[in-house]
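Student: I'd like to zoom in on one part of this model and stay with it for a while. Pick whichever bit you think repays a close look, and walk me through it in one go.

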Amino acid sequence: MTHAELSQALFTRLKQAQQGGPQKYHDRLHEQGKLGVRERIGRFLDPDSPWMEDGLLARTLDEGLPGDAVVTGVGIMQNRPVAIIANDPTVKAGAWGRVTVQKILRMQDLALKAKVPLVYMQDSAGARLDEQFDIFLDRRHAGKIFYNQIQMSGVIPQVCILFGPSPAGAAYLPAFCDLVIMVDGHSSSFIGSPRMAEMATGEKVSMEDLGGARMHCMQSGLGDLLAVAEEEAIGLATQFLTYLPNSWEEEAPVAASRPPASALTVEEIVPAEQNVPYDVHDLIAALVDEASFMELKPLFAPELVVGLARLDGRVLGVLANQPKVKGGVLFSDSADKGAWFVQLCHAYGVPLLFLQDVSGFMVGSAVERQGIIRHGAKMLSAVASVTVPRIAVLVRKAYGAGYMAMSGASFQTDMVLALPTAKTAIMGPEAAINAVYFNKIQELHGDERAAFITAKRAEYESRLDILNGASEFFVDAVIPGSCLREELIFRFGLLHNTREAYMPKRTMVIRG
């Protein structure tokens with residue numbers, strides 16, 4: 001054959017491989033309101049930007065499995081290189097075969113070597129049982145995908161957009177990523193299918209209740225963001241990556257500074273009365289750059305708000321108690337949520353801002369049986385391990401172990417600031433007076449009891465005043481709300497590039 005004939009034959013074969021599986025499977029995707037694998041990649045990457053694809057011709061000779069059901073390559077997103085591993089559901093329902101695994105492993109190796117973010121576009125029926133002995137047992141078989149994810153964790157950002165199912169062993173792929181985005185009504189992840197669950201336990205359960213997107217984003221915590229459509233999911237992944245560096249060794253991208261979106265002052269947002277609820281999103285909007293706050297896990301444990309934002313153009317991680325949900329009290333799930341987010345920011349060098357308005361961890365037999373002490377210890381361990389700059393702001397209540405979990409001074413926070421509305425102690429006045437004077441209160445009756453309790457609470461509250469703490473230098477400064485944003489900008493600027501080193505040790509042991 002001539003060079004021209006060889007080139008033409010190659011182009012024909014490449015075009016056929018790019019088309020994926022039979023047309024009927026493409027039609028089925030579109031009927032379900034889903035995009036094809038190359039449409040997903042195209043919408044994620046910058047228009048008309050370079051795209052380097054490896055393994056396009058895998059299993060195209062005689063086997064009819066173009067690409068072996070996965071597209072792997074490196075493209076440009078927001079002018080930055082990003083590696084992509086995307087299942088093609090038109091080929092064997094995106095199920096993993098022997099070459100699928102090898103392509104995934106190769107792209108993981110390349111992403112780690114090049115130190116670029118890695119995005120998994122997951123839409124797979126799992127592993128092919130008819131090829132299981134070619135993909136399960138060896139050192140370079142499917143288990144190494146998860147091993148690689150664990151080795152890459154905190155080294156390069158890993159994002160999973162779950163467009164469809166991720167069953168059985170593949171269910172662990174999103175679990176090892178920094179962020180998991182699920183599409184409502186389409187995404188699912190489970191160890192055993194509804195049919196398998198019924199066989200094993202007798203339980204009859206729908207796919208959605210067992211492992212659907214809404215369940216994972218609201219209850220299990222596996223999902224971090226819930227999208228209504230695939231286009232939104234792709235946009236969320238893009239937005240998230242704009243806050244993170246290409247690897248842990250680099251700095252997060254800096255943007256132009258913008259004024260805050262909220263026209264309200266901090267004093268207008270935060271009530272002086274300790275038990276009057278308000279929406280902490282309003283406080284965040286009054287402090288960070290306009291339209292820069294990206295909340296993560298908003299549907300899971302909403303009593304704690306976490307997310308990425310920008311302050312004077314620089315990336316910042318925000319943790320804030322939410323007084324309008326369960327009084328902002330910390331539960332097991334919110335402790336896990338806080339620990340995850342603190343570790344995420346610590347891994348990629350993102351400074352942390354804690355906005356404290358917390359009366360502590362929840363009490364009672366139900367939460368004790370759920371292991372709230374263990375879960376709380378995870379968050380405390382994460383906060384104590386942080387080496388990135390940390391500033392805590394005592395907004396109102398800062399009581400008990402909640403004060404420590406939200407990076408109080410005893411957890412060696414770089415700076416602790418307070419608003420004039422702040423009050424801090426082991427416990428609030430109601431619980432404290434009942435604990436200290438229980439026997440005396442039982443001896444009194446009627447008006448006499450009420451007057452005694454009122455007087456003791458007033459006396460206790462006077463000692464909670466933050467000016468007492470400031471007088472003893474327990475906090476670094478008490479800041480008027482109107483000055484808080486500028487104060488934070490200056491202080492975080494001062495702390496920039498002050499990441500501390502760990503004390504020499506291998507690792508900590510967290511009871512989980």
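Tutor: Let's take the sheet, and start with what counts as a pair: two strands pair if DSSP finds at least two bridges between them. Keep in mind that this is a predicted model.

With that rule, seven strands come together in an open sheet, ordered 1-2-3-4-5-7-9, with mixed pairing. At its edges sit strand 1 (51–54) and strand 9 (225–227), each of which pairs on one side only. On average, neighbouring strands in this sheet are turned by 20° against each other, with direction ignored. As for what holds such an arrangement together, strands of a sheet pair through backbone hydrogen bonds, either parallel or antiparallel.

You can find both kinds here. Strand 2 (residues 70–77) and strand 3 (residues 80–87) run antiparallel and are joined by eight bridges. One of the bridge partnerships is Met-77 with Arg-80 in strand 3. The loop between these two strands holds Asn-79, a non-glycine residue whose phi is positive, near 65°. That's worth a second glance, because most residues other than glycine have a negative phi. Asn-79 has 71% relative accessibility, so it counts as exposed.

Now step along to a parallel pair. Strand 4 (residues 118–122) is joined to strand 5 by five bridges, and the two run parallel. Val-119 stands opposite Val-159 in strand 5. Is strand 5 (residues 158–162) mostly covered or mostly open? It is mostly covered, with five of its five residues buried. That goes for both faces: Gln-158, Cys-160 and Leu-162 are buried on one side, and Val-159 and Ile-161 on the other. Just past the end of that strand in numbering, Phe-163 has Arg-40 lying over its face, 4.2 Å from the ring centre.

Next, follow the chain out of strand 3, where the aromatics start. The model has four aromatic pairs by the ring-distance rule. In one of them, the ring centres of Trp-96 and Phe-146 are 6.3 Å apart and the planes are at 35°, so the pair is tilted. Trp-96 lies in the loop between strand 3 and helix 4 (98–114), while Phe-146 belongs to helix 5 (residues 143–152), so this contact ties together parts 50 residues apart in sequence. Both Trp-96 and Phe-146 are buried. Phe-146 has a further partner: its ring and that of Phe-176 have centres 6.3 Å apart and planes at 45°, so this pair is tilted too. That second pair also links distant parts of the chain, 30 residues apart, with Phe-176 in the loop between helix 6 (172–175) and strand 7 (179–183).

How covered are the two phenylalanines? Phe-146 comes out at 15% relative accessibility, which is under the 20% cut-off, so it counts as buried. Phe-176 is at 27%, so it counts as partly exposed. Put Tyr-172 with these residues and you have one aromatic cluster: Trp-96, Phe-146, Tyr-172 and Phe-176. So the loops that leave strand 3 and lead into strand 7, two members of the sheet, each contribute a ring to paired aromatics.

Technical notes. Residues numbered from 1 in each chain as written. Predicted model: local features only at pLDDT ≥ 70, side-chain atom pairs only at ≥ 80, totals over all residues. Heavy atoms only, no water. Helix = DSSP H or I, 4+ residues; strand = E, 2+ residues; numbered from the N terminus. Axes fitted to C-alpha atoms, helices over the stretch in contact; angles between N-to-C directions. Phe/Tyr/Trp six-rings, centres within 6.5 Å; stacked < 30°, edge-to-face > 60°. Buried < 20%, exposed > 50% of the residue type's maximum accessible area, 1.4 Å probe, protein only. Lys NZ or Arg CZ within 6 Å of the ring centre and 35° of its normal.
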